[in-house]
Amino acid sequence: MLTSVRLVDGAREMNLLPRQDQGVYLQGLDAPMPSVREVAEDRTDDDGSRDTTSLFGARACSIELLVTSGARAVEDELSRFLHPRSRPYLVVEDDEWSQPRRLGLRVDQFSAPLGVDLPRRARKIQAQWKCPDGVWEAADLASSTVGADVVEQVGFSLPFSLPFSLVTTVSTGAATIGNVGAVPSHLVARLYGPCSGPSLRNETTGEEITFLPTLALAVGEYVEIDTREQTAYLLSMSTASRLNYIDFAQTSWWRLEPGDNEIRYAPSGVTGAAAAVIEYRPAWL
């Protein structure tokens, strides 16, 4: 059962549920499954088709309000979230969800017709948005820190017995991140130094985002990677891209799969307590 519905655009908010005490009743909220981006072609030498569909597109979202008091004021309040350049969020809480979820919006249609079957001061208001990302995502960021792999020095003391072997030991910088969502989640990660050739790996899927050894990060420096936007910025500055340092032969812009993911921060060289800070939002259809 829905317990809270509101529109959020930065510091601006509009509460839609509960709001009965102000004569505003949320009568409908619909967000059907996003469109499927079909990739298929008929087999030229056999029955059926070759179908490699793997992605979905945007989805639609609509609300319907019954306003029994102050309809014009509610229209004006809602219109602040309807400019084509605005990208508000619809934030929803449900007593069967473990946490609030949100949809990113871009306005599509708005209507507030006069109804002859309604009392004079009452109005039905409908608004519809497109949701470019297609998924519900957690309203709150989840964050995890992964320490870097540190290769320990190999040595021995005299006297020693024969035969002997030298084995390099590694202090592993792996952590398990549990994604409670139902679909893969994009992430933003800040890869901190001191290190060279930072590399963030998802051992569960075998994928990685790896930089060339020529990228060196000092103490306190980091490179921020965004898997949705496929960017890599030094110190989060858009004017300091480090995409030219990525080893694209090894790199894929991987996402956190639903369930447990073993994540490793494995720079090619580490000279101190380097770490990766990973932020993400679990996502659902």
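Q: What counts as a salt bridge here, and how many does a search of the whole structure find?
A: A salt bridge is a side-chain nitrogen of Lys or Arg within 4 Å of a carboxyl oxygen of Asp or Glu. Keep in mind that this is a predicted model. Searching the whole structure for such pairs gives a total of 12.

Q: Which residue forms a salt bridge with Arg19?
A: Start from Arg19, which sits in the loop between strand 2 (12-17) and strand 3. Its partner is 58 residues apart from it, over in helix 1 (residues 71-79). The closest N and O atoms of the pair are 2.9 Å apart, and the partner is Glu77.

Q: Is Glu77 buried or exposed?
A: The cut-off for buried is under 20% relative accessible area. Glu77 comes in at 18% relative accessibility, so this residue falls under the cut-off. Its partner Arg19 has a relative accessible area of 9% and is buried. For Glu77, too, the word is buried.

Q: Where does the salt-bridge partner of Glu75 lie?
A: Glu75 is in helix 1, and it forms a salt bridge with Arg123, with the closest N and O atoms 2.8 Å apart. Both Glu75 and Arg123 are buried. The two are 48 residues apart, and Arg123 lies in strand 12 (residues 123-131).

Q: Why does the salt bridge of Arg102 and Glu137 tie together separate parts of the sequence, and how many residues apart are they?
A: The side chains of Arg102 and Glu137 meet at 2.7 Å, N to O. Arg102 belongs to strand 10 (residues 101-104) and Glu137 to strand 13 (residues 136-138), so their pairing joins two separate strands. Each of them counts as buried: Arg102 at 13% relative accessibility, Glu137 at 13% as well. In sequence, the parts they tie together are 35 residues apart.

Q: Which residues are linked with Arg264 in a network of salt bridges?
A: Here we go from pairs to a network. Arg264 is linked through salt bridges with three acidic residues. They are Asp149, Glu203 and Glu262.

Q: Which nonpolar patch on the surface includes Met33?
A: Met33 lies in the loop between strand 3 (24-30) and strand 4 (36-37). Exposed means over 50% relative accessible area, and Met33 has 57%, so it counts as exposed. The patch has about 300 Å² of accessible area together. Its members are Met33, Val36 and Leu285.

Methods
Residues are numbered from 1 along each chain as its sequence is written. This is a predicted model: local features need pLDDT of at least 70, side-chain atom pairs count only at pLDDT 80 or more; totals for chains, interfaces and linings use all residues. Side-chain values use heavy atoms; hydrogens and water are left out. Patches are made of residues with over 30% relative accessible area and no salt bridge: like charges are joined within 9 Å, nonpolar side chains (Val, Leu, Ile, Met, Phe, Trp, Tyr) within 5 Å. Accessible areas come from the Shrake-Rupley method with a 1.4 Å probe; for residues, only the protein chains shown count as cover. Helices (H or I, at least four residues) and strands (E, at least two) are DSSP runs, numbered from the N terminus. Buried means under 20% relative accessible area, exposed over 50%, partly exposed in between (1.4 Å probe, protein chains only).
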